[in-house]
Amino acid sequence: FRIAPLGIGQFDDEPGYPMIKAYVSAREIKSLLEVLLLAYQLRDSDSYYPRVSGVRFTYNPWRVPFDRVSRIEIGDPVKGYRDLDLDDTRLYSIGATSYVGSFTWLVPDLTKGLLDVIPKDAAGRPLPRIEDSIVDQEPNTPGVQELKEWQALLDHIRSLPDLDGDGLKDGEEVNTHATDPTKSDTDGDGFDDILVGAYGAADGN
């Protein structure tokens, strides 16, 4: 629970919020950020800060609500970012848990009609219900086989590089344990760096 709330499914009673995927326009991305930003400012808690990936944005907290975002960029730190053209007619995919993503369908109500967001499928057809956006990890199996948030998180972690094969991801070695991601036994004491992750001590101590 320190990483993510467990939650429950939409189509099953198994633990874990399912992942959703929907498509929105550039202007709708701005609307979503405006709502997330207002929730953060009203709650006055870092827990509500709009944490998003693939997007970075600039805002002015002194402007009127729902018109505080002044610049949006899409991309990533490796390939770089580019300005998002709000008049661009292409659709952009968004992913979230059913818990977080559910508010996407509520934007018109939450903003009293000032903003509008219509979640769509890849072809641009509106998705009337959040259930229509649930990611089916086994589409050839009858029914919807939900992809849970915790599953997606573990899949992502497993995909991260581990150059020295010691069981610690490269980023974890550099940012958390101060060990060498190219050496499985950084200080040559005969014990792999994975023991650092297990016992929380510097390598060799």
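L6 is partly exposed, with a relative accessible area of 34%. You will find L6 in the segment before strand 1. Keep in mind as you look that this is a predicted model. L6 also has company: together with W150, L153, L154, I157 and L160, L6 forms a nonpolar patch on the surface. The accessible area of this patch adds up to about 470 Å².

## The overall layout

Let us step back to the whole chain. The protein chain has six helices and five strands. Read from the N terminus on, the elements follow the order β-α-β-β-β-β-α-α-α-α-α. The C-alpha trace spans about 65 × 50 × 30 Å along its principal axes. The chain has 205 residues, and 34% of them count as buried.

For a feeling of distance, take D46 and A22. These two residues are 24 residues apart along the chain, and their C-alpha atoms are separated by 26 Å. D46 belongs to the loop between helix 1 and strand 2. Is D46 buried or exposed? With a relative accessible area of 56%, D46 is exposed, because a residue counts as exposed when that value is over 50%.

## The nonpolar core

Now to the inside. The largest nonpolar core is made of 21 residues. Which residues have the most contacts inside this core? They are L33, I72, L84 and V107. Three elements give two or more residues to the core: helix 1 (26-43), strand 2 (55-59) and strand 3 (69-76). Helix 1 gives the most, with eight residues.

## Aromatic rings

A pair of aromatic rings is described by the distance of the centres and the angle of the planes. This structure holds two aromatic pairs.

The pair of Y17 and Y99 is stacked, with 5.3 Å from centre to centre and 25 degrees between the planes. Why does this pair tie together parts that are 82 residues apart in sequence? The reason is where the partners lie: Y17 is in the segment before strand 1 (19-24), while Y99 is in helix 2 (residues 98-101). As for their surroundings, Y17 is buried, with a relative accessible area of 17%, whereas Y99 is exposed at 53% relative accessibility.

The rings of F57 and Y59 have their centres 6.1 Å apart. Their planes stand at 35 degrees, so this pair is tilted; the stacked label needs planes under 30 degrees apart. F57 is buried, with a relative accessible area of 17%, and Y59 is partly exposed, with a value of 27%.

Another ring to look at is that of Y81. The charged end of R56 sits over this ring, 4.0 Å from its centre.

## Salt bridges

Side chains of opposite charge can pair when their charged atoms come close. The count of salt bridges in this model comes to 13. The table gives some of them, with the distance between nitrogen and oxygen.

| Salt bridge | N to O distance |
|---|---|
| E34 and K30 | 2.7 Å |
| R90 and D88 | 2.6 Å |
| K148 and E146 | 2.6 Å |

Start with the bridge between E34 and K30. Both residues lie in helix 1, four residues apart, which is about one turn of the helix. Are these partners buried or exposed? E34 is buried, with a relative accessible area of 2%, and K30 counts as buried too, at 14% relative accessibility. Both get this label because buried means under 20% relative accessible area. E34 and K30 also take part in a wider arrangement: K30, E34, R63 and D67 are linked in a network of salt bridges.

In the bridge between R90 and D88, the partners have unlike surroundings: R90 is partly exposed, with a relative accessible area of 46%, whereas D88 is buried, with 17%. In the remaining bridge of the table, K148 is buried, and E146 is buried as well.

## Looking back

As you turn the model, a few places are good to revisit. One is the surface patch that includes L6 and W150. Another is the core, to which helix 1 gives eight residues. Then there is the stacked pair of Y17 and Y99, and finally the network that links K30, E34, R63 and D67.

Note on methods
Residues are numbered from 1 along each chain as its sequence is written. This is a predicted model: local features need pLDDT of at least 70, side-chain atom pairs count only at pLDDT 80 or more; totals for chains, interfaces and linings use all residues. Side-chain values use heavy atoms; hydrogens and water are left out. Rings of Phe, Tyr and Trp (its six-membered ring) pair if their centres lie within 6.5 Å; planes under 30 degrees apart count as stacked, over 60 as edge-to-face and the rest as tilted. Buried means under 20% relative accessible area, exposed over 50%, partly exposed in between (1.4 Å probe, protein chains only). A charge sits over a ring if NZ of Lys or CZ of Arg is within 6 Å of the ring centre and within 35 degrees of the ring normal. Patches are made of residues with over 30% relative accessible area and no salt bridge: like charges are joined within 9 Å, nonpolar side chains (Val, Leu, Ile, Met, Phe, Trp, Tyr) within 5 Å. Accessible areas come from the Shrake-Rupley method with a 1.4 Å probe; for residues, only the protein chains shown count as cover. A salt bridge is a side-chain nitrogen of Lys or Arg within 4 Å of a carboxyl oxygen of Asp or Glu. A nonpolar core is a set of buried Ala, Val, Leu, Ile, Met, Phe, Trp, Tyr and Cys residues joined through side-chain atoms within 4.5 Å.
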